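The report below is meant for someone meeting this structure for the first time. Please look over the sequence and the model before reading on.

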Amino acid sequence: MVKLLKSLRSNLDSWSTMTIVLTLAIISPIFLIFKGILLPSNEIFEHIKNTVLNEYLYNTVIIAMGVTIITAILGVSLAWFVSVYEFPCRRLFSISLILPLTIPSYIAGYIYSDMFSFTGSISRILSKLGINLRIDILNIYGVIIVFSLFFYPYVFIIMKGYFNKSSKNMIEASRSLGKTLPETFFKVILPLSRVAIISGVSLVLMEVLNAYGLVSYFGVNTFSIGIFRAWLSLGDLTSALKLSAILVIFIFGILYIESKSRGHKKYTISTKSKPLKTIKLKGYKCIVVFTYCMIILLFSFIIPILQLLYWTKLSYLHFDYFELLGVFKNSLGITVVACFIIVTVSIIIANTMRLKKDMIFLAKIVNMGYSIPGAVIAVGVMTIFIFLDQNLKGVYTSLGIDKSLVLSSSYLILIFAYLVRFLAVSYSNIDSNFKKIGTKFHQVSRTFGFGITRTFFKVDLPMIKPAIFSSFILVFIEITKELPLTLILRPFNFNTLATLVQQYANDEMIQESSIPSLIIIGMCSIAVLIFSRKEK
Amino acid sequence: MKKIILLCLFVLGISAFAKEEVNIYTERHYDADKILIKNFEKETGIKINVVKAKGDELIKKLELEGKDTPADLFITADAGKLYRAKEKGLLQPVVTEKLSENVKETLKDKDDFWYGLTYRARIIAYDPTKTDASSINKIEDLADDKWKGKILVRSSSNLYNQSLLASIIKNDGEEEATKWAKSIVENMARSPKGNDRDQAKGVVSGVGEIAIMNSYYMGRLLTSKDPYEVKVGKALKIKFLNQEDRGNHINASGAGITKYSKNKENAIKFLEYMTSVEGQKVFAELNYEYPVNEKVSPSEIVKKWGDFKADNLDLNYLGVYNEKAVKIFDEVGWK
């Protein structure tokens, strides 16, 4: 606090002011959640602690470790192959291997469990082949595999960017010193790319810890199940808040230890970028790499899409397309507006943070939302908005509005909640780009007498353009898939594609949920394709 | 200036002017409800506005909003949640001639805070060609050693299981209920997973022999758009339990008028409509649930299963013992 006041006095410009206002707004619901941890432990919390907490913790740790390791291996290896080698369909893989990210994990869970179920397509194909083998994937290993198949693109995207830009010089230097590509990879690139891998993996980690739908369906009790069980089954929100606070502290503990062990090494790079020269693969190596990419793409994208198409064939005649059109417009509208706001806010905060190092601790708190379960954030945001509404009653009356909960029943509450939850996605992207370009360009501009704002628009903004674009796309995908916040905070009669999917899936009408699912995937895939074209 | 602000509010989706409307918070997520709402709007000209989320999330929302809540009607898929809302002072009692006429006495709150909309039975399903279920007459019989490794049931996070155990706690006492839950865990064919349909599929595929599931999912299987699911439905037979004593466990979905409802008259009209013959037909035909209005008969598919005696337990007890039930589940290791 003292630190904050000091920095306030010493450099209060418009950027800092905006940052402080935004930060306080974003922190307030998170702060409310953390208040829960200070409350005395109650009987229900004791019950959870004594009976099931150990199992929840054990499962969570196993899943988190498994998924982290597998996504790191998949993401790094795939990104390496499509970046440095030339083989058939390389360009296609380079883009399409991002697409699994567009399939929400809860939908992926339903798809895979159905395919392997007694009536599912895999069992049918196997029995037609005369093989009477039934594979049960509804267990912790199934969870790890499905998560890994659909979350590895977080690592893949970041590593691809990293190999193409940041490490280009090193790859080429190592090669000119006579090292082969595999040697370069293990001896030079892998050790250097730790920061990039960690930033990809930590997004995966937070997604995994937050996921509810898939683990609950697979019957694997994790920490997030515990949070919901405390609230929705035992009716005790306090214990739920306490558990989520523990979860967040746990995540930040890990990330903190990691960043400490990394020390203060900094790599800023030249921003000139010619595309990396690729090496043509021949013979069996070419076949191996191609097959590997193809298998991953098959399981993480093509097969699930085929399954969805099959369900669509079963259900398309009975679908309310008129409603769907309205829902589609809703989804698209709110998502675009929210993306615009989230990316803008993240640029403002990230730009201030890199210039005002003494405010950096705020950045850590502001990004916590991504690791807090959506439903819990919803409670924090709702509390704040209702408080605001109650204090603005006079204003509403003078405007002739006879309602009292104006803000909290509007789209604003939803957009704000998205901001709290997804700021980290955009922020980490923008921030790492800022780190890459460093501050030397900025300082040069400042020594010519330009202010922060002018420098930002003339110098910084053009340089971070790719990151702005990719942030927009990533946030777009996240919001399109988002569920708990939308369910709890939406205004009356407001449906998104995700809530439509959830409504059917929840009702065990998986075939009917395929059409909105495909639209979500289609929308996000278009976003990814635009993103990949711009990247060039 | 004022105009500009109002315009902004409009853009943000804030409607500032009251109309003939009813605002509902609902946990029910069925297509049947959509159709029912459309019919009601057409008939009366009253607009129904809907927010859908989980029961406890909506309860929290109502609590936080307090007097200012826009919600008029709170609808759940479980009587226990209605009890919870009633206990928290979020509902108000309502009595009208039509409601008393429409809703069977045992399917409403005794203090008139909520009314049932539909009810479902938690039944067992088995394959009569493989399993002889004649020795299972009571839910308690499933605890028998004989069924070791044969029972299929979903997770205890599921509300329907919680209500089932709550009813056993009320009827047999806490100690017996704990013993029962423990034996069921020992008798399980596999660790609980999937949804109700998956338990039925588990029987047909031979993972286990007896599936505990809700009656209407059986109707859904039989009318599924996936021909393989229909096959599963056809292979199974269902059995109602406790027919010689208290009756098969049922749970009601229901609705109550919120304490601070601003469109109470219209909300009551909608509640009356949902429980009327016309409304009940929609629930019964489209969702294979049992109607609370005795003038309406269940759908053809449901009728084929025959009549059954339902447990007449005051459904508020499902809420009273909900927490206890979850704790027992945790203690005995029912995941």
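What follows describes the interface between two chains, then the nonpolar cores, and then a few individual residues in loops.

**The interface**

The model described here is a predicted one, and a natural place to begin is the contact between its chains A and B. To this contact chain B gives 70 residues and chain A gives 71 residues, and the two chains bury about 6100 Å² between them, with 53% of that area on carbon and sulfur atoms. Within the area that chain B buries against chain A, a share of 11% is supplied by B:Asp68, B:Lys225 and B:Asp330, which is more than any other three residues supply.

Polar and charged groups also meet across this interface. The rule for salt bridges finds 9 of them between chain B and chain A, and 19 residue pairs are found in polar contact, both residues being at pLDDT 80 or more. On the side of chain B that touches chain A, the largest share comes from helix α15 of chain B, residues 322-332, with 7 residues. Sorted by class, that side of chain B holds 26 nonpolar, 14 polar and 30 charged residues. A salt bridge is formed by A:Glu55 and B:Lys335, whose closest N and O atoms are 3.9 Å apart.

**The nonpolar cores**

The largest nonpolar core has 269 residues, and the members that touch the most others are A:Ile63, A:Trp80, A:Phe87, A:Leu97, A:Phe147, A:Leu489 and B:Met274. If residues up to four places away in sequence are not counted, A:Phe147 touches A:Ile63, A:Val67, A:Ser105, A:Val208, A:Ala211, A:Leu214 and A:Val215. Apart from the largest core lies another, of 27 residues, and among its members are B:Val153, B:Ala177, B:Ile328 and B:Val332.

**Residues in loops of chain B**

Four loop residues of chain B are set side by side here with their relative accessible areas.

| Residue | Loop in chain B | Relative accessible area |
|---|---|---|
| B:Ser205 | between α8 (196-204) and β6 (210-214) | 15% |
| B:Asn242 | between β7 (237-239) and β8 (250-257) | 2% |
| B:Asp112 | between α5 (97-102) and β4 (115-126) | 18% |
| B:Tyr288 | between α12 (277-287) and β9 (290-291) | 11% |

B:Ser205 counts as buried because its relative accessibility of 15% is under 20%. Leaving aside neighbours within four places in sequence, B:Ser205 is in contact with A:Phe118 and A:Arg134. Along its own chain, B:Ser205 stands 19 residues from B:Ser224, and the C-alpha atoms of these two residues are separated by 18 Å.

B:Asn242 is buried as well, with a relative accessible area of 2%, and its side chain makes a polar contact with the side chain of B:Glu140 at 3.2 Å. Not counting residues up to four places away in sequence, B:Asn242 touches B:Asn137, B:Lys138, B:Ile139, B:Glu140, B:Gly247 and B:Asn248.

The remaining two residues of the table draw attention through their backbone angles. B:Asp112 is not a glycine, yet its phi is positive, at about 65 degrees, and this residue is buried. B:Tyr288, likewise a residue other than glycine, has a positive phi near 60 degrees, and B:Tyr288 also counts as buried.

Notes: Residues numbered from 1 in each chain as written. Chains lettered and ligands numbered in written order. Heavy atoms only, no water. Helix = DSSP H or I, 4+ residues; strand = E, 2+ residues; numbered from the N terminus. Buried < 20%, exposed > 50% of the residue type's maximum accessible area, 1.4 Å probe, protein only. Contact = heavy atoms within 4.5 Å. Buried area = accessible area lost by both parts, 1.4 Å probe. Salt bridge = Lys/Arg side-chain N within 4 Å of Asp/Glu carboxyl O. Polar contact = N/O pair within 3.5 Å; in protein donor to acceptor, adjacent residues only side chain to side chain. Nonpolar A, V, L, I, M, F, W, Y, C, P; charged D, E, K, R; others polar. Core = buried A, V, L, I, M, F, W, Y, C linked by side-chain atoms within 4.5 Å.
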